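Please open the model in the viewer and keep the selection panel at hand. The tour proceeds by selections, each followed by a description of what is found there.

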Amino acid sequence: MSGRASSRVRQGKILVEMAMRNLVASRVRTLVVGGIVALGVVVVVLGSSLLDSIDAGMTRSIQGSLGGHIQLYNAKSRDPLALYGGTMGESVLEPIEDFAKLKSAALAVPGVKQVVPMGIDQAMVSMGNVFDVALERLRADVRRRQEQGAPAEDPDYEAHKAHLRRMATLLQQELRQAREIADETSGVYKDRKADFDALEQAVQGGFWDRFDEDPLGSLEFLENRVAPLSLDGGFTFIRYVGTDPEAFQKAFPGAQVVEGTAIPPGQRGVLLGKLYAEEWLKLRAARRLDKIKEARELHGRKISKDEELQRWVKENTGQTRDILLQLDPVRTREAVRRLQEALRSRETDPARLVAVLLDTDDANFDERYRIFYDRLAPLLQLYSVKVGDTITIKAPSRSGYVNSVNVPVHGFVEFRGLERSALAGMMSVMDVHSWRDLYGYLTPERAAEIRKLKERAGATSIAREDAEAALFGGGGGGDAAAPTAAPQAIDESKLLGTMGARQMRDELFQRRYGQAETDQGVALNAAVILEDPRRIAETMPRLVEAARQAGIEVKAMTWLEASGIVGQSMRLLRMVLYLAVLIIFAVALVIINNAMVMATLQRVKEIGTMRAIGAQRRFVLVLVVVEVVTTGLVFGGLGAGLGILLVHVVGWTGGIAATNDTMYFLFSGPALIPRLGTASLLSSVAIVFAVSILSALYPAVLAMRVTPIEAMQSDE
Amino acid sequence: MPEPIVEARDVAKVYQLGKTEVHALRHVDLVVERGEFLSIAGPSGSGKTTLLNLIGGVDVPTSGTVWVDGEDTSKLTERALTRLRLDHIGFIFQTFNLVAVLTVFQNVEFPLLLQGRMTSEERRRRVNELLESVGLADHSRHRPSELSGGQRQRVAVARALVARPPLVLADEPTANLDSKTGGTIIDLMREMNLRDGTTFIFSTHDPKVMAHASAIVRLEDGRVVGREALQGAEA
């Protein structure tokens, strides 16, 4: 027995030796075959290392910003939960009526660290316009003068008046252009005639001469008739997650406050998404400058050759009004002085100076960009909302009304790794109470209560709701707001009688809600954070079961499923890599197969001789397989070595830089540093092994079929 | 009287060449006794190679029976036939057929490795002994491509004999060699035949080569047309 075994070993030795010598003897073939194998392995090792680190980065980003590990939502929901929005807009979810109940049920499941309430929606947001800001300043002056008496010299008051008059003038100039185009007989023109007349009045000296006679009346005229004509500001969309800010911060370390402060525990407030602020709230000229800068620096685009950049420059020079409107006379003088100096110009018209500044080309862009940010920007408010402002958010509520909520902006939030993602980086974070006000969900008890109230009050119920709209909505305008589900709603409404709306609002913002109030109420989904992220699959059914025990039917989803399109891009990338690997190795398979078939045909005589001398078929079979597998393993090993080296080289040189937002998003940061995974190495070995064996099969069978008679044939 | 090393009875071999049948051998009867140094002679196409293939177990007859060392070749499986070739038959080819990538030593050692019965020390001694006797002891590390035709054929002789088979088959062993070298190869084979009693069957159409044989079997058109014994032909 041992003799047989050792004879196998000896045969094995001569097999390997013959295989090696055959490989060396036909170097070119070996190098071609080996080169392809090595290339394939390099792609596998490098590609999967890159993907692994993209995967790890995205996992960290998504789990750490909004996804958590598991998401729970009402099982009766029509749509699946999509944290970053679905392809058809927000997913429609049935509410989780009592989050507190779900929270305590879920926390009882072993391994669950934290449960965070969430409600994601989008809504209109009113940022106010520059007119409002200027009017607010003037109103403060008027109030001061009424309370403390009017001083003989009041430069602030005069400057603010002049600012408003200037703004009206600019607005008139802008609208006049539109008016010249308009057909004076058209209906639209007639409708707007009154507006133009009002504007004309606001520009005339007479109006301003008489301003002091009736300051409040004049202010009202400006506020009601003139300010609305300004198209600036207005409404934009905002996407937000209503949550328990304290719990949210603990659960999602990726959500970082980059300006301002976190929402104080238990208080109302919103943290605006940084990317959202950049895209929607930043002064448009500044935003365009940023975009031109990025296009030039990251993508090497040239203003002279790029139509889009030229358009941005043109828009910047044509739309200086946004900037000019912000400047009151004092600041205008300062701006003119600074720009004259920086641009070495004698121009005195601020509009022309700003236009000159923004008329950039490839040669002067960097300098102009610096002048804008260093000299002009300090005189401007770059974002239409700043920390400390209050924004008004309007959303259609569940009860059908449009709810309106004022929320103080505490700061700006950035999601680490998703800073540049148009889908994920737009998200703002809002306290759950404000969110509930907007969502307007009625608990069954509350609904019953309101029904009773209505029956008792009859027709006056509408009036009551208007009053509440004033409470919660502030500037709600004509929209009726539904009563909210906040348990303290009644208490808060009692305050209405004794305080003004503004005071009332401040009270509301100062209010601290206890943890119980935060938890007891509606949520749309709940992010579950586990102690051990590897236990997602096994914990999901337990959570569903625990919720069922508590009387809540929920569905559970992994963070990846919940991330929707964002998470899918990962799967897509992986498929692309697999496809590439598949193609490379399919080609390798064909080439190796062909090469070995040719090698076999060339060696028919030698194989026949070995068979004649007494080599069994298996010997020949193994000979071919050993040759191919040896090639595969040797060159696969070389490829793996090269791949490992490349992974390190890429790492040492700072990784692959993200040159656009998509890459930035995929890389979860400005650069991708690939990390070597044992999985990628093992899979490359496995693939090479499988491909070698597969490609050796046919030539091996051919070799096996060679009969000893072939040895007898002479060379002729 | 021991049983003959080879016995063929009423052997026929038909090849299909396209639509025509080629009768390579018809009604061949042949007995080869142990220790013979037999030449199979005949013009090309007379069936010499076919007969050697049948005796060598690399091919099986269409009809009739061939016994080699007591085994009916048509009753053996492919595996057993291969085993028969390995243990009982040595081969010498017209074109030498050495394994190009192996050294002289390794080529000679090859059958021993396939047999797997000897230790490496035993193999080394046996191979060196044979290389000594074919006069190539100094060339054991050479590759076949570094040798002349005559040297290569001597390596082939050593390889055919290394496992000490009772029978060696040689198909036109001198056809690719000049007559002088061919003569030395035949002398070498004869020497081994006389020394060890190994039976040699070789085909040739060269009368000078035939002259060395102990007996000549003449083939023509696939038939045995005569068998003549030459002097000094006793085993």
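**Strand E9 and its partners**

Begin by selecting strand E2 (residues 112-126) of chain A together with E9(A): the two pair in the antiparallel sense over 6 bridges. The model shown is a predicted one. Within this pairing, select Val112(A), which stands opposite Leu530(A) in E9(A).

Next, add strand E1 (residues 70-74) of chain A to the view. E1(A) and E9(A) run antiparallel and are joined by 4 bridges. Here, Leu72(A) is found opposite Ala526(A) of E9(A).

Now select E9(A) alone, residues 525-530 of chain A. Is this strand enclosed, and why? Of its 6 residues, 6 are buried, so the strand is largely enclosed by the rest of the structure. Displaying the side chains adds a further detail. In a regular strand, side chains alternate between the two faces of the sheet. From E9(A), Asn525(A), Ala527(A) and Ile529(A) point one way, while Ala526(A), Val528(A) and Leu530(A) point the other way, and all are buried.

**The contact between chains A and B**

Colour the two chains separately and turn to the contact, to which chain A contributes 23 residues and chain B 24 residues. On the side of chain A that touches chain B, select helix H1 (2-25), helix H26 (604-613) and helix H30 (709-712), the elements of chain A that give two or more residues to that side. H1(A) gives the most, with 9 residues. Finally, colour this side of chain A by residue class: 10 residues are nonpolar, 8 are polar and 5 are charged.

Technical notes: Residues are numbered from 1 along each chain as its sequence is written. Chains are lettered from A and ligands numbered from 1 in the order in which they are written. This is a predicted model: local features need pLDDT of at least 70, side-chain atom pairs count only at pLDDT 80 or more; totals for chains, interfaces and linings use all residues. Two residues are in contact if their C-beta atoms, placed from the backbone, lie within 7 Å. Ala, Val, Leu, Ile, Met, Phe, Trp, Tyr, Cys and Pro count as nonpolar, Asp, Glu, Lys and Arg as charged, and the others, Gly among them, as polar. A residue is buried if 20 or more other C-beta atoms lie within 10 Å of its own, exposed if 12 or fewer, and partly exposed in between; C-beta atoms are placed from the backbone. Two strands pair if DSSP finds at least two bridges between them.
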